[in-house]
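Student: Hi! I have a structure open and would like a close look at a single part of it. Could you walk me through that part slowly?

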Amino acid sequence: MATEEPLDNLDRRILRALQAQGRITYDELAAEVGLSPSAALRRVKRLEEAGVIAGYVALVRAEAVGLGLTAYVNVRLEKQAESSKRNPMDLFRAAVQTWPEVVECVSLTGEMDYLLRVLVQDMAHYARFIADVLLRHPSVQDCKTSFVLDRVKATTAVPL
């Protein structure tokens, strides 16, 4: 949408409202942003079709479902040999999609190649994941882990 039409103030207000409460009714949304319900619906549909709104989800507290330990794992991959026919990054990217403990994976600049956000039950679960999954992957050369002690700020909202 950014390339077709820039977001106007009403779009931003709609997005802020939906980020705060994704299950808001169109009547409530319309009242909050000063539109009729049909106009609010049209704008939301346009934002969805343009890919500005990627989807709707329920945000589950990890601790409430037994996943009390969060780790951030920096991963360095082996460097691809010129004669090698396999690409370590492609292999790693495919594998990480299958690991349920990894809830986020981003590619980085700097010393390490990837940063993983890992949710596990406890330290024993984490140790099994590292030893049996991550470090056994043929592309992984090294990893360094930091554990979350306290969540100071956590939001899924994009600043608008």
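Student: In what order do the four strands stand in the open sheet, and is the pairing parallel or antiparallel? Please take me around the sheet and what lies against it.

Tutor: Happy to! Please keep in mind that this is a predicted model.

Let's begin with the layout. The order across the open sheet is β2-β3-β1-β4, and the strands pair in the antiparallel sense. The edges are taken by β2 (102-107) and β4, and each of these has a single partner strand, so one side of each has no neighbour in the sheet. On average, neighbouring strands are turned by 20° against each other, if direction is ignored.

Now let's walk across, pair by pair. β2 and β3 run antiparallel and are joined by five bridges. To find one of the places where they meet, look for C105, whose bridge partner in β3 is L116. The next step takes us from β3 to β1, an antiparallel pair with seven bridges. Here L69 stands opposite V120 in β3. The last step goes from β1 to β4, where seven bridges again hold an antiparallel pair. On this side, R76 has D142 in β4 as its bridge partner.

Side chains add their own links between strands. E104 and R117 form a salt bridge, with their closest N and O atoms 3.3 Å apart. E104 belongs to strand β2 and R117 to strand β3, so this pair ties together parts that are 13 residues apart in sequence. E104 is partly exposed at 38% relative accessible area, and R117 is partly exposed too, at 25%.

The loops beside the strands have a link as well. K79 makes a salt bridge with D113, and the closest N and O atoms are 3.3 Å apart. K79 sits in the loop between β1 and α4, while D113 sits in the loop between β2 and β3, so the chain is linked across 34 residues. The two partners differ in their surroundings: K79 is exposed, with a relative accessible area of 57%, whereas D113 is buried, with 10%.Next, look at what packs against the sheet. Helix α4 lies across β1, β2, β3 and β4, and its direction makes an angle of about 20° with β3. In soluble globular proteins, nonpolar side chains tend to be buried together. Here, the largest nonpolar core has 20 residues, and those touching the most other members are V73, V75, F92, W99, L116, V118 and L134. Two or more residues of this core come from each of β1 (69-77), α4 (88-96), β3 (114-120), α5 (123-134) and β4 (140-147). The largest share, five residues, is given by β1.

V118 is a good residue to zoom in on. Leaving out residues up to four places away in sequence, V118 touches L69, T70, A71, V73, E101, V102 and F129. You have already met two of these names: L69 as the residue opposite V120, and V73 as one of the core members with the most contacts.

The sheet's surroundings are not the whole story of the nonpolar residues. There is a second, separate core of twelve residues, including I24, L29, A40 and L47.

To finish, let's compare with some salt bridges away from the strands. The model has eight salt bridges in total. In one of them, the side chains of D11 and R46 meet, at 3.0 Å from N to O. D11 is in helix α1 (residues 9-20) and R46 is in helix α3 (residues 37-49), so the pair ties together parts that lie 35 residues apart in sequence. D11 counts as buried, at 1% relative accessibility, while R46 is partly exposed, at 24%. Both also belong to a salt-bridge network that links D8, D11, R43 and R46.

Helix α1 also holds R16, which counts as partly exposed at 36% relative accessibility. R16 and A157 are 141 residues apart in sequence, yet their C-alpha atoms are 7.8 Å apart in space. Not counting residues up to four places away in sequence, R16 touches N9 and L160.

If you want to retrace the route on your screen, start at the edge strand β2, cross β3 and β1, and end at β4. Then turn to α4, which lies across these strands.

Conventions. Residues numbered from 1 in each chain as written. Predicted model: local features only at pLDDT ≥ 70, side-chain atom pairs only at ≥ 80, totals over all residues. Heavy atoms only, no water. Core = buried A, V, L, I, M, F, W, Y, C linked by side-chain atoms within 4.5 Å. Buried < 20%, exposed > 50% of the residue type's maximum accessible area, 1.4 Å probe, protein only. Contact = heavy atoms within 4.5 Å. Pairing = 2+ DSSP bridges. Axes fitted to C-alpha atoms, helices over the stretch in contact; angles between N-to-C directions. Salt bridge = Lys/Arg side-chain N within 4 Å of Asp/Glu carboxyl O.
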